[in-house]
Amino acid sequence: MKSIIALFALLALTTTAWAQYKNDNTGNNGLPSPYQEYVTFNISARYGVAFPMGGQQGYIDRVSPTNLVLDGEWLFPKQFSIGLKTGYQYSNQRLGRQVYSSMDGNSGQDISAVQTRTLSIIPAMVSLSYYFADNAAAIRPYVQFAGGGAFVNYTNYFGPLADKETGFKGAIAPAIGLKYYGRREQGLGVEVQAQYQNVFFNYDLLKNNAPSLMLSAGISYRFY
């Protein structure tokens, strides 16, 4: 937990430092940049690793290396954006063979099986971001808050048998990140982000919701 707090503190300090970064509002030809004059657009795709937290650790306590994040944003001239956010998150953990009581609790029979715990999440959220540099800048640190819901698939396998629960639940996802384009007004760039996500899903071994910390990196493209 201390390392996670230190990571957030480092990213927060980086964001604060870049908040002092100043650019004029003109492009290379001396004319106002379209990014400063109109509503423009940004799309990004990132790969991430997720660290389970809180109640999720009681079900799966291993780092998940299988996460994809997709973002689309409308960039407004005043350095804020409204966007849509989705993706795919998957984690699993296999336990050694053990003897378990009958899953229905009525047959009076025990089974010997390998338990495989799986959890998949498909978020569907609206995001609001504020950038600490203008829309045409080469380096754009930001803070973001996303909220909405997520489709959750909880499936715990006991050999060929499965205990399954699915549903669409509420979710929130505050984040901080940075986009780097190489030079002013360039379209293609890279993006890194640290996101805390909490999905309000409770079932059996997954109690007290499903929070996680995801670190992701990928490509970003802005256009008008």
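Buried means under 20% relative accessible area, exposed over 50%, and partly exposed in between, computed with a 1.4 Å probe and protein chains only. The structure is a predicted model, in which local features need pLDDT of at least 70 and side-chain atom pairs count only at pLDDT 80 or more, while totals for chains, interfaces and linings use all residues. Residues are numbered from 1 along each chain as its sequence is written, and side-chain values use heavy atoms, with hydrogens and water left out.

**Exercise 1.** Determine whether D134 is buried or exposed, and identify its salt-bridge partner.

*Solution.*
Step 1. D134 has 5% relative accessibility and therefore counts as buried.
Step 2. A salt bridge requires a side-chain nitrogen of Lys or Arg within 4 Å of a carboxyl oxygen of Asp or Glu. D134 meets R184 in such a bridge, at 3.3 Å from N to O.
Step 3. Because D134 lies in the loop between β6 and β7 (139–158) and R184 in the loop between β8 and β9 (188–199), the pair ties together parts that are 50 residues apart in sequence. Strands are DSSP runs (E, at least two residues), numbered from the N terminus.
Step 4. R184, at 16% relative accessibility, likewise counts as buried.

**Exercise 2.** Describe the salt bridges of K179 with E73 and with E191, and place them in their network.

*Solution.*
Step 1. The closest N and O atoms of K179 and E73 are 3.3 Å apart. E73 belongs to strand β2 and K179 to strand β8 (residues 161–180), so this bridge ties together parts that are 106 residues apart in sequence.
Step 2. For K179 and E191, the closest N and O atoms are 3.4 Å apart. This pair joins strand β8 to strand β9, and therefore ties together parts that are 12 residues apart in sequence.
Step 3. The relative accessible area of K179 is 2%, so this residue is buried; E73 is buried at 5%, and E191 is buried as well.
Step 4. R46, D71, E73, K179 and E191 are linked in a network of salt bridges. The count for the model comes to 5 salt bridges.

**Exercise 3.** State which residues form the nonpolar surface patch, and locate W74.

*Solution.*
Step 1. Patch residues have over 30% relative accessible area and no salt bridge; nonpolar side chains (Val, Leu, Ile, Met, Phe, Trp, Tyr) are joined within 5 Å, like charges within 9 Å.
Step 2. The nonpolar patch consists of V39, W74, F80, I82, L84, V126, L128, Y130 and V143, with about 760 Å² of accessible area together, by the Shrake-Rupley method with a 1.4 Å probe, where for residues only the protein chains shown count as cover.
Step 3. Strands β3 (80–94) and β6 (115–131) each supply at least two of the patch residues.
Step 4. W74 is found in strand β2 (residues 64–76) and, at 39% relative accessibility, counts as partly exposed.

Conventions:
Helix = DSSP H or I, 4+ residues; strand = E, 2+ residues; numbered from the N terminus.
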